[in-house]
Amino acid sequence: MPRPFALPDLGEGLTEAEIVKVLVGEGDVVAEDAPLLEVETDKATVEIPSPFAGRVARVHIQPGQTVKVGEVLVTFDDSSAVGAGHGGGGRGRGASEPHSPRTPPPAPSPLPRRQPATVANVSEQPLAHAAGGSERAAASAPAMATGTGVGVGPVPATPATRRLARELGVDLRVVRATGPAGRVTDDDVRAATSGSASRSSSLEAEVAPAQRGQAVAEPGAAAPTRGGAAAERAQVAKPLAPIGAEAPPLPRFEQWGPVQRQPLSHLRRTIAERMALSATLIPHVTHFDRADVTELDAIIRRSVEPARERGLVLTLTSFLLKAAALALKEHPQFNASLDGAAGELILKRYYHLGVAVATERGLIVPVIRDVDRKPLVQLQRELATLAQRVREGKATLDDLRGGTFTITNIGALGGTGAIPIINYPEAAILGVARAREEPVVLEGRIVPRTLLPISLTFDHRVADGADGARFAAAIVRRLERPEQLLLDW
Amino acid sequence: MVMGDLVIEVDVAVIGGGPGGYSAAFRCAELGLETVVVDAGKRLGGACLWEGCIPSKALLHVAALIEDATRAREIGVEFGEPHVSLDPLRKWKAERVVGRLARGLASVAKTKGVEVIGGRAVFESSRELRVESDEPQKIRFKHAVVATGSLPSRVPGLPLESDRIMDSTAALELPDIPERLLVIGGGYIGLELGQVYASLGSVVTVAEMTDGLLPGPDRDLVQPLARRCEKLFAKIRLGTTVTSLTERGSAVEARFGGDAVEAFDRVLVAVGRAPVSAGLGLETTRASVDARGVVAVDERCRTADPAIYAVGDVTGEPMLAHRAMRQGKVAGEVIAGRPAAFDNVVVPAVVFTDPEVAWCGLTESQAQRDGRRVQVARFAWAASGRAATLGRSDGVTKLIADPDTGRLLGAGIVGPGAGELIAEAALAVETALTVEDLAATIHTHPTLSETLMEAAEALLQRS
């Protein structure tokens, strides 16, 4: 019985991935959990291990291809067939050979079977001349635990139901069928999605962090190699997913001078799509403020050396994280997502903060969990390891998901301020520029103070200007009185 | 790029204006994508409309009229000998049938905003096509759909230079009614056109390499057709290879299997069709093409090149217009980001001979080859009231079902109107209906559609 392996549900929001590398070839025998292929999702490169042991009968995908969740990646022969040396691929191209519908055998309600004169029961020794090992196995193999849709060929369902299953990313083969004669109904498919939470989480566990470093082919660097099992992905230009308004056609730039066209990397495309989505859907409003971080700066300076002795590089970001998390607790509407369809604001009772990290490949936002509950030193440590993993392209999906609020610190690169775009579907983002010593009038005297310009950009559907000002002030207050950060106030 | 080249930028470029191509283009346009069709003849319809399905059915309709007039004698209606005038017949076929449908397609394209560009399209990369025509131009596309179709195959070693040796395209032009016609190939094209020419008055010989006419459907469905062909044709040579064709004066001499030699006025070579994928520049893309010229696609009609899709005959068997149309719609939807797939369970097939043969899904012989247990019911039309009133009791309706679940797996019909009747069976198999569903549905009386219900009832032993 050939066993198809589809792209598992990779978790929230992720519906597709780009194949980076195929690590097996047709005919290879692989062990359970052996690496099958590498995919690049929104922001991480992950390795997909083999769900079971067996011989790879067909590889349906190739590097560079974008696959959706539920799409079949690889078909395995039955493990018992390994070494049995059957030709394989006798069925040829399934899609265009629809003349032999194969339907799964087990079913709850068989027909009454008294034989009328006009009815012939063909082939009483059913398995004598099985042409493809697949049929044989389908008849004798025990049913897959999850459903009745076992066997080769199409699962019985109407075309509309099959389409619904594709739409919802449901593999019909694992749906429990309730219709007559084992037919899968629309309701069965919908039921499968509601129960998929447990299924996808178990699949998530199979998604291991990538075991390697950079996998980025610079545009045009890798020649498209075909056929090789481990061929490197070639850069292929693909259009961005459309969001709302359609872009008008571009002029022919060639008329003014030479141009060069460069395909977007998967990451670049994802960033472009996410930013366009956010900027299109969310009415952005930005509030500016400055925090007097003279005292905080002094604390950091004093602690740099002792921290280094403990193997730690102390930075402002960990203090920013703490300040933001504490301020979010006071202003929960900034730690939220707007569910426009439901007409509800989803307030999150956890404080997982994303930190924008610039990499050679582009912007990546790893997430630090439960910032409100962790001591500063731990935050600093986690931040360092995360940033390292991200820069090496080894971040796992879990490193990048579940954020509730984002901080982007452009200080290292200079500038006096920036208005970042909200990391959809979050409600706000904090932008931080470089802290500078400036003359400040304090109690009638001009004194040098270290000032940190911040900008709070938030979803105006969720909060108003006054709320934003208060939330920004709550952050500023904590940065100006670092003892509050230590006391978690 | 040469300076001054006209470059068109589109979302989707469809290559080939046949059923697969125009279906894809129309769907793309409906979904808001800017779409052009590049067609060598600068027309929509493809082989189906211009040199296949439609003109052959028009001629078969004429053949059926003549046959009906002949049969009418048996029931006491006399029309006299039919007289066929080729000029009005050709004109009717070209203008009232093909021309009218072509104008219809062109106006649909206009309504949907699909531009048809004349010329031969050649890929220069996964982003760009060169169109070779009087006004060379380039098309820069986001997606391309290859729908270049197929052409009649040649028999290796047999020349096609003489205009007395025709392929199906030439035969449909109806150059004349040859006194003696040799049809090489006993498949559906050979039998359909053989019957047309026989009805028009030719003495027809059919030479088929295998040992039976019409490979594919079950033999018991082919038998009534074979009997009809035996009456209509002068000779059916099975298991016969034509080894040479020699033009002698106004005749063509055919040598069969080495010894027998016979002279004919015309020869029709109908040995199948081959995909058209050569010279398309596909080697500049990542799409893969096999040794027979078939472009490999997955169930979303995507080739190995993410920007390039392919539909229809160029993607291989079964080379049928209705399959191409479905594929075209799937390709259009996939390009527009919808979750479509060509996951169809059945591609029904029809041979428009007299009697018609139609089938879909699993055949009995395929089940036997696979060693699969099936239940089979065969309902002979001798028991059908409607068949009796039509004077056609030679039909058979056959159902193939899964013995354990009662699910319908396939159907085959032979008899007049089989091509229309198969639609119900196709719907039943595609939607995974059971024999009981079919038996319990009320079918109008008296019609031939009742034969499907009767066969289903036979399977339920309630007849």
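Q: Which residue of E6(A) does Val29(A) stand opposite?
A: This is a predicted model, where local features need pLDDT of at least 70, side-chain atom pairs count only at pLDDT 80 or more, and totals for chains, interfaces and linings use all residues. Residues are numbered from 1 along each chain as its sequence is written, while chains are lettered from A and ligands numbered from 1 in the order in which they are written. Strand E3 (residues 29–30) and strand E6 (residues 54–59) of chain A run antiparallel and are joined by 2 bridges; two strands pair if DSSP finds at least two bridges between them. Across from Val29(A) in E6(A) stands Arg55(A).

Q: Which residue of E8(A) stands opposite Val59(A)?
A: E6(A) also runs antiparallel to strand E8 (residues 72–76) of chain A, with 3 bridges joining them. Strands here are DSSP runs of E with at least two residues, and helices are runs of H or I with at least four, numbered from the N terminus. The residue of E8(A) opposite Val59(A) is Val74(A).

Q: Why does Ala276(A) count as partly exposed, and how many C-beta neighbours does it have inside 10 Å?
A: Ala276(A) lies in helix H5 (residues 266–281) of chain A. A residue is buried if 20 or more other C-beta atoms, placed from the backbone, lie within 10 Å of its own, exposed if 12 or fewer, and partly exposed in between. Ala276(A) counts as partly exposed because its number of C-beta neighbours inside 10 Å is 19.

Q: What positive phi does Gly169(A) take just after H2(A)?
A: Helix H2 (residues 159–168) of chain A has buried residues, among them Leu164(A) and Ala165(A). Just after H2(A) comes Gly169(A), with a positive phi of about 70°.

Q: Which strands are at the edges of the open sheet of 5 strands in chain B?
A: The order of this sheet is E8-E15-E9-E10-E11, and the pairing is parallel. Each edge strand pairs on one side only: they are strand E8 (165–166) and strand E11 (235–237) of chain B.

Q: Which residue is the bridge partner of Met166(B) in E15(B)?
A: E8(B) runs parallel to strand E15 (residues 266–269) of chain B, and 2 bridges join them. In E15(B), Met166(B) has as its bridge partner Leu268(B).

Q: Is the crossover from E9(B) through H6(B) to E10(B) left-handed or right-handed?
A: E9(B) and E10(B) run parallel, joined by 5 bridges, and Ile184(B) has Ala207(B) as its bridge partner in E10(B). The chain passes through H6(B) between these strands, and this β-α-β crossover (right-handed if, with the strands pointing away from the viewer, the path from the first strand over the helix to the second runs clockwise) is right-handed.

Q: Which residue of E11(B) stands opposite Thr205(B)?
A: E10(B) is mostly covered, with 4 of its 5 residues buried. E10(B) and E11(B) pair in the parallel sense over 3 bridges, and with helix H7 (residues 219–232) of chain B they make a right-handed β-α-β unit. In E11(B), the residue opposite Thr205(B) is Lys235(B).

Q: Which residue of E13(B) stands opposite Arg248(B)?
A: Chain B also holds an open antiparallel sheet of 3 strands in the order E12-E13-E14. Its edges are strand E12 (242–248) and strand E14 (260–264). E12(B) and strand E13 (residues 251–256) of chain B are joined by 6 bridges. Opposite Arg248(B) in E13(B) stands Ala251(B).
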